[in-house]
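Q: I would like to learn how to read the contacts between the copies in an assembly. Please take me through the model shown here.

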Amino acid sequence: MIIRSHQHWFARLFTWHGSVLPQIIVRLLLNLGMSLFALTISPWLKQLNSHLTLPPFSLLGIAVAIFLGFRNNASYSRYIEARKIWGSVMITSRSLIRQTLCAVDATQSAKLAANYLIAFAWSLNHSLRGTPAKHDLQRLLGEKEAESLSSHHALANGLLVKIGLFYANLLREGRISELNYRNIDDNLNELSRCLGGCERIANTPVPFAYSLILQRTLYLFCTLLPLALVVDLQWFTPFVSVFISYTFLSWEAVAEEMEHPFGESANNLALNAICTGIERNLLEMTDQAPLPPLLSVDRHYNLT
Amino acid sequence: MIIRSHQHWFARLFTWHGSVLPQIIVRLLLNLGMSLFALTISPWLKQLNSHLTLPPFSLLGIAVAIFLGFRNNASYSRYIEARKIWGSVMITSRSLIRQTLCAVDATQSAKLAANYLIAFAWSLNHSLRGTPAKHDLQRLLGEKEAESLSSHHALANGLLVKIGLFYANLLREGRISELNYRNIDDNLNELSRCLGGCERIANTPVPFAYSLILQRTLYLFCTLLPLALVVDLQWFTPFVSVFISYTFLSWEAVAEEMEHPFGESANNLALNAICTGIERNLLEMTDQAPLPPLLSVDRHYNLT
Amino acid sequence: MIIRSHQHWFARLFTWHGSVLPQIIVRLLLNLGMSLFALTISPWLKQLNSHLTLPPFSLLGIAVAIFLGFRNNASYSRYIEARKIWGSVMITSRSLIRQTLCAVDATQSAKLAANYLIAFAWSLNHSLRGTPAKHDLQRLLGEKEAESLSSHHALANGLLVKIGLFYANLLREGRISELNYRNIDDNLNELSRCLGGCERIANTPVPFAYSLILQRTLYLFCTLLPLALVVDLQWFTPFVSVFISYTFLSWEAVAEEMEHPFGESANNLALNAICTGIERNLLEMTDQAPLPPLLSVDRHYNLT
Amino acid sequence: MIIRSHQHWFARLFTWHGSVLPQIIVRLLLNLGMSLFALTISPWLKQLNSHLTLPPFSLLGIAVAIFLGFRNNASYSRYIEARKIWGSVMITSRSLIRQTLCAVDATQSAKLAANYLIAFAWSLNHSLRGTPAKHDLQRLLGEKEAESLSSHHALANGLLVKIGLFYANLLREGRISELNYRNIDDNLNELSRCLGGCERIANTPVPFAYSLILQRTLYLFCTLLPLALVVDLQWFTPFVSVFISYTFLSWEAVAEEMEHPFGESANNLALNAICTGIERNLLEMTDQAPLPPLLSVDRHYNLT
Amino acid sequence: MIIRSHQHWFARLFTWHGSVLPQIIVRLLLNLGMSLFALTISPWLKQLNSHLTLPPFSLLGIAVAIFLGFRNNASYSRYIEARKIWGSVMITSRSLIRQTLCAVDATQSAKLAANYLIAFAWSLNHSLRGTPAKHDLQRLLGEKEAESLSSHHALANGLLVKIGLFYANLLREGRISELNYRNIDDNLNELSRCLGGCERIANTPVPFAYSLILQRTLYLFCTLLPLALVVDLQWFTPFVSVFISYTFLSWEAVAEEMEHPFGESANNLALNAICTGIERNLLEMTDQAPLPPLLSVDRHYNLT
């Protein structure tokens with residue numbers, strides 16, 4: 001993703017990967033067809049006394065742009081919030097391991113805690129994307145523990161309880177002090193907040209009426225636009241109409257994509273890369289090897 | 001709700017459920033009537049030297065769109081804040097049960113705490129929606145306790161005091177430590193904040209003048225629009241006028257709906273589903289069975 | 001306030017109460033007069049080669065709408081922040097009483113604390129509105145204590161110190177533990193933040209230049225508008241001009257009102273109702289009777 | 001400042017004080033000159049086949065208004081954040097004194113702490129405005145201590161360390177408990193945040209390119225505007241052109257002023273008044289007399 | 001940077017340094033070429049019945065301005081957040097040293113802690129900018145420790161663990177109390193948040209589709225603009241077209257630059273200056289000398 005931002009400004013214009021063009025190409029072609037249709041009936045339209053003019057469409061277009069700006073804000077806020085939550089999963093996991101390393105002499109406990117926290121991150125990832133978590137659980141916690149966790153309806157939450165009990169045990173055995181435990185409990189609460197925040201974003205879309213109204217208005221606007229443009233522009237109509245439609249439709253499409261930031265499309269969060277980052281950090285902090293390799297972008301320059 | 005977002009983009013346009021069309025259909029028909037009226041008097045309007053033109057209406061329309069954008073922001077913020085507060089009720093309840101499980105050996109206490117917290121969520125839900133909480137209280141806390149709570153003017157707050165006293169008792173009996181109690185008290189404060197936040201949103205609408213001014217302006221704008229359009233558009237007038245009115249009126253209607261996020265309409269929060277989610281999570285954490293079934297969307301694709 | 005939002009959409013349009021119409025009626029009449037004047041000199045204007053046209057006014061109108069949107073945001077943020085602070089006064093007072101009830105056996109202390117906290121809320125209300133707090137202090141704390149407090153320049157802050165000393169005393173007498181005291185002290189800090197936040201909003205208006213520039217521009221814009229409209233619209237001028245002016249002026253007026261959220265006008269916060277709510281809640285929590293009646297809207301549907 | 005907001009709406013329009021008119025009067029006169037020049041060459045312009053028309057300027061004007069709105073938001077956020085930080089200095093100082101009064105029996109310590117905190121507020125004020133702090137330090141802490149502090153590069157930070165050592169001393173002497181100390185330390189951290197926040201706002205302006213691009217565009221826009229207006233408006237050109245320029249330039253000027261909220265101009269924060277308020281509050285809380293008089297607005301209605 | 005803001009308003013217009021002009025000069029020249037081409041084919045365009053007119057471009061231009069406003073907001077938020085995080089690094093480092101000075105008698109520990117914290121700031125800086133940290137580590141922590149740290153994949157995080165272990169050691173040796181340690185641990189968590197926040201901003205650009213769509217639309221808009229302007233403006237076309245393009249392109253360029261706030265260009269954060277500030281503050285607090293000199297702007301008035 002970062003690689004692309006260093007492309008030359010001219011080369012970027014012709015990038016296909018990661019753009020939303022594939023999603024809206026059908027709608028643009030429909031618009032092109034409508035433009036050609038408008039051109040065809042243009043002489044007949046002129047004979048009518050009544051014809052569509054651009055001014056009411058300008059008014060509508062500006063109103064739609066304002067509403068689209070609003071929807072973009074709403075979608076982008078979800079994307080940013082989701083990213084901040086995952087940033088907090090990484091931050092809090094590292095803080096917990098730092099606290100564990102400082103509190104307990106034996107690094108064995110820290111290693112175990114690290115594995116639990118890595119498993120928490122991967123479970124959250126899998127539950128948000130609807131992919132099976134079993135493989136990662138087995139890899140990190142062993143066959144038996146993975147089995148016992150598999151019956152949970154709320155896997156990530158179950159893991160959080162396990163982590164809590166793990167630290168409560170250290171406290172009971174006197175290996176961490178009461179105050180250390182309090183510090184750790186604060187961070188577990190933070191992980192709980194991250195989990196709840198992700199669930200909230202995943203379960204509560206932007207109110208359906210919002211996207212519906214906008215899409216209806218937008219598609220109708222794009223469909224009628226050629227009729228209003230054709231009187232003045234004539235043969236320029238298809239070009240200008242598709243250009244204006246592209247501007248509006250692609251913004252709507254990217255808003256739609258960012259509304260669900262946990263998907264696997266090009267403009268979603270790279271959860272796998274983040275989880276791998278967490279794994280690498282926690283393993284290095286607890287002197288475990290080998291580190292999993294950094295994820296690199298695929299041939300479409302996407303991280304997942 | 002989520003199901004619908006995977007509908008094909010074309011199919012979505014003709015969705016009726018969850019949209020605000022039923023609420024504004026009368027106003028759109030009025031606008032249609034006005035358009036036809038404008039068409040009828042159009043020849044007579046032309047004879048007059050003075051006639052309405054579109055430019056002042058464009059100016060007004062853009063101003064109204066900007067103000068509408070502001071109102072949408074205000075309403076949407078209320079909706080999002082309400083959703084975050086309910087997310088926090090879930091997060092904090094789970095954290096409290098995790099802390100209880102870690103602090104106390106006997107799971108009996110955790111089960112009792114879970115029931116109290118589930119009752120808190122349902123009471124808050126019922127008090128926000130003005131529905132009777134008695135049935136849920138009896139189900140969760142037993143006949144006797146439900147009776148003793150029924151006299152409270154502020155039921156959810158009363159339950160919070162009860163939960164506080166429950167933990168204070170555990171502290172006095174020496175079953176949780178001072179520091180555990182402090183951690184728990186922090187989370188009770190958070191529940192108190194959630195309760196107060198919900199009350200604030202429910203009791204304090206967006207200042208009345210805001211919606212009033214906007215609606216007055218908007219309705220008058222839509223009513224006069226056909227008169228301004230008819231000179232140029234002639235027979236296209238009804239169509240374009242209803243289209244523009246639909247855009248503005250539906251955005252106003254969805255803003256109006258989201259302003260009161262605790263209602264039961266299609267664009268409000270699915271409080272029952274959230275409460276059921278809390279109940280399922282807390283019961284599973286404390287090994288209680290059976291779990292209540294997940295709520296599923298009704299035949300209008302709505303969750304309540 | 002909530003009642004009105006359930007009015008039929010048509011009935012709402014003719015509501016007088018709570019709207020800002022009375023404040024701007026003079027300005028609207030001036031605009032009407034200007035329109036009639038423009039109509040009168042319209043023939044003479046036509047003879048001049050130079051005349052005002054609408055396009056520069058459209059540009060100006062849109063710019064003014066954007067700036068007005070900015071000012072609305074600023075004013076609304078103040079209103080919302082003020083409401084949140086008062087919500088926090090209620091939340092924190094309730095949390096403090098819950099903590100007191102859980103920490104101390106004798107409810108006598110909780111009753112005393114409740115009275116202090118109610119007195120704090122009323123003093124803050126009175127100091128923000130510039131009304132005398134003496135009556136409420138006497139009612140809640142007794143003649144003698146009210147007298148001793150009356151000399152304070154910063155009454156609410158003085159009460160906060162008293163509440164702090166009250167809890168410090170409980171700590172010294174060994175009736176609450178160190179950790180309880182810490183929990184309570186956190187909430188006293190929160191009340192201190194509420195107090196400071198209210199003072200900040202009351203003392204620091206939106207920079208004066210903002211409202212001044214906007215008003216100058218807006219009034220001049222409305223005054224010149226008829227001259228620009230009259231060429232095309234002729235006899236429609238007064239109507240359209242007053243309509244556009246109403247839209248802009250009423251939004252400016254409501255922004256002006258919300259800028260000072262602690263006043264007693266229709267679009268300000270209902271501080272008395274909030275304080276009564278706090279009083280009812282705290283009294284019920286500490287089993288004191290009778291509860292003061294809920295405030296109801298006056299015949300203009302306003303709460304104060 | 002508050003006084004002015006109660007001026008009659010008509011009287012306000014002719015207020016000179018506190019407005020930004022003096023700063024932009026030269027630019028407005030330049031614009032007037034350009035308008036007269038455009039009028040002069042207007043006949044010659046008409047003979048040319050090519051002439052400036054308003055539509056491209058409308059597009060540009062609206063774009064500039066949108067960008068100006070953005071810059072206003074950025075500047076206003078800085079102003080509001082600066083005000084909140086200073087509000088927090090007051091809140092935190094009062095909380096610290098309340099905690100000290102509750103924790104320590106002898107009020108002598110509280111008096112000393114109050115003086116330190118007042119000195120901290122004044123030092124921060126002086127360092128932000130680049131004025132010498134020596135006089136206030138001598139007044140509050142005595143000749144000797146002021147001398148020892150004068151060598152500090154970071155005076156306010158040095159005072160914060162001194163306050164920390166003062167409380168650490170009370171702890172070592174056993175006069176405040178560990179938990180009291182923790183509560184106090186939290187508030188010292190908050191003062192540290194206030195200090196850092198002020199430094200950040202003072203040292204990091206809005207990126208230079210922002211204001212530069214906006215100003216270049218804006219001045220060029222205002223300069224060319226008369227040429228575009230003159231074709232239609234003729235003799236109305238100077239008036240309309242200066243009016244539009246006033247709207248844009250004054251908004252830009254007020255944004256420029258608010259960008260540096262710690263200055264002493266009319267639209268900046270009244271730091272001296274805030275510091276005096278802190279001094280009055282803390283002295284009253286610790287029974288010290290006499291209180292310094294409240295600052296009142298000068299003959300230009302400004303507080304500094 | 002601050003120096004420039006005191007330049008005379010007229011002189012600023014011709015400033016070259018720190019502006020984004022160099023980056024867009026090629027695109028502006030292309031636009032100029034297109035304008036001249038449009039002028040050349042202008043007579044031939046007139047003969048065609050179909051020609052480009054300005055109104056559809058006005059609509060597009062306003063929509064693009066609204067979307068550009070959105071992108072500016074997104075980029076500016078990143079810039080501001082990055083600045084706040086670095087402010088917090090400074091604030092937290094100072095608080096930690098204050099706490100260390102208050103908790104430990106021997107200043108030797110505080111000196112060591114200061115060096116660690118300065119090294120943390122510089123490592124974070126170097127890792128964000130991709131420059132080698134080795135020199136600074138050697139300077140601050142000595143040859144040996146720098147060597148042992150050099151193998152870390154996550155250097156700043158490794159330093160944070162070291163700082164944590166340093167304080168844990170002080171606790172074990174009984175030189176700081178449990179509560180002191182808790183206060184310190186809170187601040188270490190805050191540093192961990194700063195580290196994670198910087199990584200998040202550096203690794204997650206604004207979704208690629210956003211900038212791509214905007215740039216495509218914008219460049220195409222600027223390219224076609226001369227064709228739409230030439231009919232009316234004739235010889236004014238190149239001037240007006242370049243002017244409008246400059247406005248849009250320069251705003252896009254500054255948004256692009258601010259999106260990556262950790263770079264070394266003129267509109268990025270002056271990380272070296274901030275780190276030097278931290279170093280000066282911490283050294284002065286722990287009585288170490290000599291202080292490194294304040295960074296001053298280079299001959300292009302830039303800080304790095």
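A: Begin with the surfaces that the copies use. Only 7% of the interface residues of chain E are also interface residues in chain A, so these copies meet through different surfaces; contact here means heavy atoms within 4.5 Å. This is a predicted model, in which local features need pLDDT of at least 70 and side-chain atom pairs count only at pLDDT 80 or more, while totals for chains, interfaces and linings use all residues. Residues are numbered from 1 along each chain as its sequence is written, chains are lettered from A and ligands numbered from 1 in the order in which they are written, and side-chain values use heavy atoms, with hydrogens and water left out.

Q: Which rotation superposes chain E on chain A?
A: Copies are superposed by least squares on the C-alpha atoms of residues with pLDDT of at least 70 in both. Chain E falls on chain A after a rotation of 72 degrees with 0.0 Å of shift along the axis, at an RMSD of 0.0 Å.

Q: How many residues does each chain bring to the contact of chain E and chain A, and what area is buried there?
A: Chain E brings 67 residues and chain A brings 71 residues. The buried area, meaning the accessible area (1.4 Å probe) that two parts lose on being put together, summed over both, is about 6200 Å². Carbon and sulfur atoms give 66% of that area.

Q: How many salt bridges and polar contacts cross the interface of chain E and chain A?
A: A salt bridge needs a side-chain nitrogen of Lys or Arg within 4 Å of a carboxyl oxygen of Asp or Glu. There are 4 salt bridges across this interface. One of them joins A:Arg98 to E:Asp185, at 3.1 Å from N to O. A polar contact is a pair of N or O atoms within 3.5 Å; within protein, one must be able to donate a hydrogen and the other to accept it, and residues adjacent in sequence count only if both atoms are side-chain atoms. The interface has 15 residue pairs in polar contact, both at pLDDT 80 or more.

Q: Which helices of chain E supply the side that touches chain A?
A: Helices are DSSP runs (H or I, at least four residues), numbered from the N terminus. Helices α2 (21–47), α3 (54–103), α6 (155–172), α7 (178–203) and α8 (208–233) of chain E each supply at least two residues. The largest share of this side, 16 residues, comes from α7(E). By class, the side of chain E that touches chain A holds 37 nonpolar, 19 polar and 11 charged residues. Here Ala, Val, Leu, Ile, Met, Phe, Trp, Tyr, Cys and Pro count as nonpolar, Asp, Glu, Lys and Arg as charged, and the others, Gly among them, as polar.

Q: How are chain D and chain C related?
A: A rotation of 72 degrees, with 0.0 Å of shift along its axis, superposes chain D on chain C (RMSD 0.0 Å). The two copies are therefore related as by a five-fold rotation axis. They use different surfaces, since 7% of the contact residues of chain D recur in chain C. The contact joins 71 residues of chain D to 67 residues of chain C. Among the 4 salt bridges between chain D and chain C is that of D:Arg94 with C:Glu199, whose closest N and O atoms are 3.1 Å apart.
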